[in-house]
Amino acid sequence: MKKKQQLFKLTIKIAIHFLFWVAVYFFYNYFLGYGSQNTIYVNRFSLFLMPITISISYFFLFFLIPKYLLDNKQKLFILYTFYTLIVSSFFIVLSILYGLVFSNTFKTEGTSPITKGFLFIVLGVYFIVFIVISVGLIINNYKSTLKNEDLKNKFLKTQLQLKEQELKFLKMQIHPHFLFNTLNTLYGFALKKSDDAPDMILKLSNLLDYILYQVDKPLVLLNDEIKHIEDYISLEKLRFQDSLNVIFEKKIHQENIEISPMLLLPFVENAFKHGSQINGILKVTIILKTTKNNLSFEITNSTKNNLNNKKGIGLENIKKRLEMLYKTMFYINISKTENTFKIELKTPLKNVE
C-alpha cells in the first residue's frame, strides 16, 4: 500500500513537471514567433532551446540551491551561480546557432521566422530559469513549514505524553503512601476488635474507590474531595480518640467546582502522619475557601521543634503536581514555628458550567 502511494506521488510529480515544460514550450513559440507566420521554423527553434533551459533550471533547483543556498553557503552559491551563468550563456548561444543552422525550413520571404533579437532570446531562457527557481523556493519553503509544524506537533504530543506519564507516576507514589497509613489504622482497630471497625472499613472502601477509579480523571468535584477528606478525618478520629482536635472550616461559594483529584488530601494525610501531640493533643486546623477564580487551602498541625520533621514523599510530589497542573499560576508556602507546621496553598479553579 505504501509503495503504491509512493508510486502515485511520483507519477503526479512527473506529470506536473511534464505539463510545466509543455507550457514553457508554448511560451517560447509565442515569445519567439509573435508576428511571424513561419510556425514550423519557430516550433523547431523552440525545441532547440528546451534542453538547455531544462538543464539550467534543474541544475539550480536540485544542486546549487539545496547544496549551497539552503545550506547557508551564500557566498559559494553566488560564486557558482556566476560560473553557471557564464557556462550556460555559451550553451544558450550554441543552441541558438544550432537552431539557425539545422532548421532547414528557414524562410525569410515576407516575414521574419523569429521576431526577437539574440539578447531577448537569452533573457527569455533566463526568465524561465528564474521562474523555475522561484517556484522551487516557494515549494521548498512550504514543505519546510509543513515539516516544522509536523515536528512541532510531534514534539508537543511527546511532551504531553511524558507529562501525563510523570503525573501518573507521581499519583502512584502518593497512593501507597496514603494507603499504608490508613491500613495501619484499620489494623489497630482490628486488633482491638472495636465496634467501629465496620464503619471504618466502609469509609476506607470509599477512599479506595476514590483512589483507584476517580483519581485517574483529570478533574473531580471539589465536594468529592471534601467528602473523602472528611472520611479520612473520621478514620483518624477513631484512631486518636480523645487525643485529637480537628477543626475543618469550609467556605465554598458554589457547588460545581472542579479540582485535580487528590490535590488536597495528601496535605491532610501529611499533617496526621508528621504531626506531634502537645500536652497529649494533636491539633489540626483546616481552612478551605473558594472565590470566583481561586481556591485557598490552609492546614496547620501541631509539631515539636526538637523533632526531625520529615515531610515525606507526599509534599514533594504534590509540589511537582502543582507545577505540572498550574505551571506558575499557584502559590504555596510552607512555614514552621516552635509548635506548628503550616501549609498555605492558592490555586486557580474551574467551575462547571
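The following exchange asks how some descriptions of this predicted model are justified.

Trainee: What should I know before reading the values?

Mentor: Local features in this predicted model need pLDDT of at least 70, side-chain atom pairs count only at pLDDT 80 or more, and totals for chains, interfaces and linings use all residues. Residues are numbered from 1 along each chain as its sequence is written, and side-chain values use heavy atoms, with hydrogens and water left out.

Trainee: What makes residues 222-240 a helix, H6?

Mentor: A helix is a DSSP run of H or I with at least four residues, numbered from the N terminus, and H6 has 19 residues. Its reach from first C-alpha to last is 27 Å, close to the expected 27 Å, where the expected span is 1.5 Å times one less than the number of residues.

Trainee: Why are Leu 222 and Ile 229 of H6 called buried?

Mentor: Buried means under 20% relative accessible area, exposed over 50% and partly exposed in between, with a 1.4 Å probe and protein chains only, so Leu 222 and Ile 229, being listed among the buried residues of H6, fall under that 20%.

Trainee: What makes the 44 residues a nonpolar core?

Mentor: They are called so because a nonpolar core is a set of buried Ala, Val, Leu, Ile, Met, Phe, Trp, Tyr and Cys residues joined through side-chain atoms within 4.5 Å. Leu 264 is one of those with the most contacts inside this largest core, to which H6 gives the most, with eight residues.

Trainee: Which residues of H6 does Leu 264 touch?

Mentor: With contact meaning heavy atoms within 4.5 Å, Leu 264 touches residues including Leu 222, Glu 225 and Ile 229.

Key
Helix = DSSP H or I, 4+ residues; strand = E, 2+ residues; numbered from the N terminus. Lists of a residue's contacts leave out its neighbours within four places in sequence.
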